[in-house]
Amino acid sequence: MPSAPEVAFSRPCFGIEEEEAAARAIRSRWVVGGPSLAEFEKRFAEVCGAENAVGVSSWTTGAFLLLKALGIGPGDEVIVPSLTFIASVNVIVHAGATPVFADIDPGTFNIDPDDTERKITPRTRAILPVDQIGLPCEIDRFQVLAAAKNLILIQDAACSFGSKFRGAPAGSHAPYSVFSLHARKVITTGEGGMIVTNDGELSAKLRRLRHQGMSLSDYQRHKSSPTMFESYPEIGYNFRITDIQAAIGVAQIQKLDAFLARRRVIAQIYLDGLKNHTTVVAPSVPQHVTPNWQSFQVRVRDGQPSTRNALMEHFYRYGVATRRGVMASHLEEPYRHMGARLPHTEAVAASSLQLPIFPEMTHSDAERVLEVLSNFKS
Ligand SMILES: Cc1ncc(COP(=O)(O)O)c(C=O)c1O
């Protein structure tokens, strides 16, 4: 058995720029609520083609804060895919609302707009579609649906920073989008999240709520007269992201185009190598979508969990790290009692796996993955 895989699954891409950015934030003593955060938020919003980005400690705290700020809570239903990292579902429960699961399109792994529409009831308040594996969901269908049924639309863009839908960046379509900055995302600050919206008033509220409801930010207070006291008009939380993280985030954004270009090269090697492959099927990418290739997920053609597992073992034996595909949240203990039946979700979760992809992967790493795959006998 290999002690460490020859081809890693995913690695954050940091260089001297991130080290120096973090060091500068530390030397400045502005380690939270300072100028690096303001700069990171501004640059993040620009990439998303949106007016505001509000930095938070994770996607999870950001989405929870947003649900609370929008008044979504007990008695409300929120439609969400089950095929997602379970955080997308957990936040709905944390806010006191009820998740309602919709099935997916097995080709793209994204929530099916038609099934979403079927799941709407008089209690539905919001839809939370997910850009799974960084491949944007059919957000324009959800915009139409949300407008027609008077529902709040929140995009789980945890994985899709830098992706495009009909030529426009993720974050520019839905009224509210939430991104993750976790280590496996296209840019990372270790942990972290961003809420993106054109609603300036809501952004100000979210900035207060992430900081215990405080009326002034630390930086505003620092720059104002000593007797300009802050107030606490609302009950808030501590969901802050630090300026050390934000400084790293600015350095990461400067490399975004290079990261995306590398990911595209690796993905193309896989896509070319997997055309008409006998064992696995690559994801289908609609013409109007440009994914950031945050993950590269494939399904085993025969749909058998045993084949998927054997393939993962085979990769492991030959030094290639893989992960199972995106989970089916409704099959986990907290949600099993709801008895949701989601045939496409269940089939995909049982038969999919993810291949290594990250910017520092080499051409020969990707070729090695394909070579190991070609030696697999099911
Ligand atoms: C689709 C999706 N939503 C939400 C999350 C949660 O993000 P975070 O870890 O930043 O809270 C993730 C993280 O992997 C994710 O993939």
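Here are a few questions and answers about this predicted model, covering its sheet and its ligand site.

Me: Which strands stand at the edges of the open sheet?
Reply: Happy to walk through it: the open sheet has 7 strands with mixed pairing, in the order E1-E9-E8-E5-E4-E2-E3. An edge strand has a single partner, so one of its sides is left without a neighbour in the sheet. The strands that fit are E1 (52-56) and E3 (98-102).

Me: By how many degrees are neighbouring strands of this sheet turned against each other on average?
Reply: The sheet in question is the open one with the order E1-E9-E8-E5-E4-E2-E3. Ignoring direction, the average turn between its neighbouring strands is 25°.

Me: Which residue is the bridge partner of Ile79 in E4?
Reply: Strand E2 (residues 77-81) and strand E4 (residues 124-127) run parallel and are joined by 3 bridges. In E4, the residue bridged to Ile79 is Ile127.

Me: At about what angle to E8 does helix H3 run?
Reply: Helix H3 covers residues 59-69 and lies across E1, E5 (152-156), E8 (176-180) and E9 (193-197). Relative to E8, the helix runs at about 160°.

Me: How much of the ligand's accessible area does the protein cover?
Reply: Good one to start from the contacts: 14 residues surround the ligand, and Trp59, Thr60, Asp156, Ser180 and Lys185 come nearest. A backbone N or O atom of Trp59 is 3.0 Å from a ligand oxygen, while side-chain polar atoms of Ser180 and Lys185 each lie 2.7 Å from an oxygen atom of the ligand. Of the 400 Å² that the ligand has on its own, the protein covers 89%.

Definitions and conventions:
Residues numbered from 1 in each chain as written. Predicted model: local features only at pLDDT ≥ 70, side-chain atom pairs only at ≥ 80, totals over all residues. Heavy atoms only, no water. Pairing = 2+ DSSP bridges. Helix = DSSP H or I, 4+ residues; strand = E, 2+ residues; numbered from the N terminus. Axes fitted to C-alpha atoms, helices over the stretch in contact; angles between N-to-C directions. Contact = heavy atoms within 4.5 Å. Near = heavy atom within 4 Å. Polar contact = N/O pair within 3.5 Å; in protein donor to acceptor, adjacent residues only side chain to side chain. Areas by Shrake-Rupley, 256 points an atom, 1.4 Å probe, with all protein chains shown as cover.
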